[in-house]
Amino acid sequence: MQQMSEDNIRRINYLMTEIDALYHQAAVKMGLSDSVARVLYTIYEAKGSCLLSEIYKKTGVSKQTINSALRKLEQEGILYLEPYKGNAKKVILTSKGEQYVEQTVAKLYAAEIRSFASWSEAEMKMYISLIRKDIDSLRKEIERM
């Protein structure tokens, strides 16, 4: 039984790595670093603006890496940061940034939609449910470490 579990873990880890590699390939095709692609994708998904804390949370990338990506994008006139509440900051696309994301990460988002279009609603619900179950179970196990 343990051998079967270990084989499945290897398969799952390989598939997750393959997905990461596909997103890296997409970033390269768009002429973006992985971190810049993740930042822009998160802002695009949030309809052009979001809290900086949400970018940290949703990307899973270190604050230092995200801040470097933001500085680069700010210098290029793609986005700007604006004070929000207390110490919170909001990240907002400029009009140049809105055009830029349409030429880059919006295409990736559309590719994802087309990719999942062949799935049934039941398959999507099952996939989401299984990912959620994996995350919740792994979180509990990591907390026990």
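These legends go with a handful of close-up views of a predicted model.

**Close-up 1. The largest pocket and its centre.** This view takes us into the largest pocket, which holds about 2,200 Å³ of space. Its lining runs to 42 residues, and the ones closest to the centre are Ile19, Asp20, Tyr23, Tyr127 and Ile131. Keep Tyr127 in mind, since this residue comes back in the view of tryptophan 119 and tyrosine 127.

**Close-up 2. Who builds the pocket wall.** Here we look at the helices behind the lining of the largest pocket. At least two lining residues come from each of α1 (2-30), α2 (34-45), α3 (52-59), α6 (105-116) and α7 (121-144). Helix α1 gives the largest share, with 13 residues. As for chemistry, the lining splits into 25 nonpolar, seven polar and ten charged residues.

**Close-up 3. Tyrosine 41 against tyrosine 109.** The structure has five aromatic pairs, and this is one of them: the rings of tyrosine 41 and tyrosine 109 sit 5.8 Å apart, centre to centre, with 50° between the planes, which makes the pair tilted. Tyrosine 41 belongs to helix α2 and tyrosine 109 to helix α6, so this contact ties together parts that are 68 residues apart in sequence. With a relative accessibility of 17%, tyrosine 41 counts as buried, because the cut-off for buried is under 20%. Tyrosine 109 has a relative accessible area of 26% and is partly exposed. Ring pairs also bring in Tyr44, giving a cluster of Tyr41, Tyr44 and Tyr109.

**Close-up 4. Tryptophan 119 meets tyrosine 127.** In this pair the ring centres are 5.0 Å apart and the planes stand at 70°, so the arrangement is edge-to-face. Tryptophan 119 is partly exposed, at 31% relative accessible area. Tyrosine 127 is partly exposed too, at 33%. Tyr127 is also among the residues closest to the centre of the largest pocket.

**Close-up 5. A salt bridge along helix α1.** Now for the charged contacts: the structure holds six salt bridges. In this one, the side chains of aspartate 7 and arginine 10 meet with an N to O distance of 2.8 Å. The two residues are three apart in helix α1, so about one helical turn separates them. Aspartate 7 is partly exposed, with 27% relative accessible area, and arginine 10 is partly exposed at 47% relative accessibility. Helix α1 is also the helix that gives the largest pocket 13 of its lining residues.

**Close-up 6. Lysine 72 and glutamate 76.** Another salt bridge joins lysine 72 to glutamate 76, and their closest N and O atoms are 2.6 Å apart. Lysine 72 has a relative accessibility of 40%, so it counts as partly exposed. Glutamate 76 is partly exposed as well, with a relative accessible area of 31%.

**Close-up 7. A charged network with Arg132, Asp136 and Arg139.** The last view stays in helix α7, where aspartate 136 and arginine 132 lie four residues apart, about one turn of the helix. Their side chains form a salt bridge with an N to O distance of 3.3 Å. Aspartate 136 is partly exposed, with a relative accessible area of 32%, and arginine 132 is partly exposed at 42% relative accessibility. Add Arg139 and you have a network: salt bridges link Arg132, Asp136 and Arg139. Helix α7 also supplies at least two residues of the lining of the largest pocket.

Key. Residues numbered from 1 in each chain as written. Predicted model: local features only at pLDDT ≥ 70, side-chain atom pairs only at ≥ 80, totals over all residues. Heavy atoms only, no water. 1 Å grid on protein atoms, 1.4 Å probe; cavity = no way out; pocket = protein on both sides within 12 Å on 5 of 7 lines; lining within 4 Å. Points joined across faces, edges and corners; volume = space filled by probe spheres on them. Nonpolar A, V, L, I, M, F, W, Y, C, P; charged D, E, K, R; others polar. Phe/Tyr/Trp six-rings, centres within 6.5 Å; stacked < 30°, edge-to-face > 60°. Buried < 20%, exposed > 50% of the residue type's maximum accessible area, 1.4 Å probe, protein only. Salt bridge = Lys/Arg side-chain N within 4 Å of Asp/Glu carboxyl O.
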